[in-house]
Amino acid sequence: MTVYIDPPTWPGHGRLWSHLVSDVSFDELHLFAGELGVPERAFERDHYDIPAHRYEDAVRAGAVTIGSKELVRRLTDAGLRRPKGRPAA
């Protein structure tokens with residue numbers, strides 16, 4: 001299982017956030033997030049939003065750090081990208 005996380009550089013709600021994704025399946029992503037204790041409400045279309053204070057927890061659990069552009073490229077290439085404004089497949 002390989003999941004990916006970008007650095008916590010995305011501002012929102014007074015915090016910085018990372019995105020946690022899989023380039024294999026949403027099942028793989030949900031399994032990893034569940035094992036990490038990430039609440040289901042943190043899932044948004046094609047990724048989990050991870051607050052900066054949980055970033056190192058995700059990396060220690062096995063998430064591979066990649067840049068945000070590479071993260072989006074991997075999601076797109078895998079056919080798992082669900083941009084805002086488009087319905088889920």
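## His47 and its surroundings

His47 lies in strand β5, strands being DSSP runs of E with at least two residues and helices runs of H or I with at least four, both numbered from the N terminus. The model is predicted: local features need pLDDT of at least 70, side-chain atom pairs count only at pLDDT 80 or more, and totals for chains, interfaces and linings use all residues. Residues are numbered from 1 along each chain as its sequence is written, and side-chain values use heavy atoms, with hydrogens and water left out.

Is His47 buried or exposed? His47 is buried, at a relative accessible area of 8%. Buried means under 20% relative accessible area, exposed over 50%, and partly exposed in between, with a 1.4 Å probe and protein chains only. The His47 side chain makes a polar contact with the side chain of Asp49, at 3.0 Å. A polar contact is a pair of N or O atoms within 3.5 Å; within protein, one must be able to donate a hydrogen and the other to accept it, and residues adjacent in sequence count only if both atoms are side-chain atoms. Leaving aside neighbours within four places in sequence, His47 is in contact (heavy atoms within 4.5 Å) with His19, Leu20, Val21, Leu29 and Ala42.

## The largest pocket

His47 and Asp49 both appear in the lining of the largest pocket. Other lining residues include Trp10, Pro11, Gly12, Trp17, His19, Glu44 and Lys84. The space in this pocket is about 190 Å³. β2, β3 and β5 each supply at least two lining residues. β2 gives the most, with three.

The pocket search runs on a 1 Å grid over the protein atoms alone. A pocket is an open set of points with protein on both sides within 12 Å along at least five of seven lines, whereas a cavity is a set of points where a 1.4 Å probe fits but cannot get out. Lining residues have an atom within 4 Å of a point. Grid points are joined across faces, edges and corners, and the volume is the space filled by probe spheres set on the points.

## Positive phi in two loops

Two lining residues of the pocket, His13 and Arg45, deserve a look at their backbone. His13 has phi near 55°, a positive value in a residue other than glycine. His13 lies in the loop between β2 (10-12) and β3. With a relative accessible area of 80%, His13 is exposed.

Arg45 is not a glycine either, yet its phi is positive, about 65°. Arg45 sits in the loop between β4 and β5 (47-51). Its relative accessibility is 25%, partly exposed.

## Salt bridges

How many salt bridges does a search of the whole structure find? The search finds eight. A salt bridge is a side-chain nitrogen of Lys or Arg within 4 Å of a carboxyl oxygen of Asp or Glu. Arg74 pairs with Asp23, the closest N and O atoms being 3.9 Å apart. This pair links distant parts of the chain: Arg74 is in helix α3 (residues 68-77), and Asp23 is in the loop between β3 (15-22) and α1 (26-36), 51 residues apart. Arg74 is partly exposed at 25%. Asp23 is partly exposed too, also at 25%.

Within α3, Arg73 bridges to Asp77, with the closest N and O atoms 2.4 Å apart. Arg73 and Asp77 are four residues apart, about one helical turn. Arg73 is partly exposed at 40%, while Asp77 is exposed at 55%. A network of salt bridges links Asp23, Glu70, Arg73, Arg74 and Asp77.

Helix α2 (residues 52-60) holds Arg54 and Asp57, three residues apart, about one turn of the helix. Their salt bridge has its closest N and O atoms 2.7 Å apart. Asp57 is partly exposed at 24%, and Arg54 is partly exposed at 22%.

## Aromatic pairs

The count of aromatic pairs is two. Rings of Phe, Tyr and Trp (its six-membered ring) pair if their centres lie within 6.5 Å; planes under 30 degrees apart count as stacked, over 60 as edge-to-face and the rest as tilted. Phe26 and Phe43 form an edge-to-face pair, 5.9 Å centre to centre, with 80° between the planes. Phe26 lies in helix α1 and Phe43 in strand β4 (residues 43-44), so the pair ties together parts that are 17 residues apart in sequence.

Phe26 is buried at 15% relative accessibility. Phe43 is partly exposed at 23%. Ring pairs link Phe26, Phe43 and Tyr48 into a cluster.
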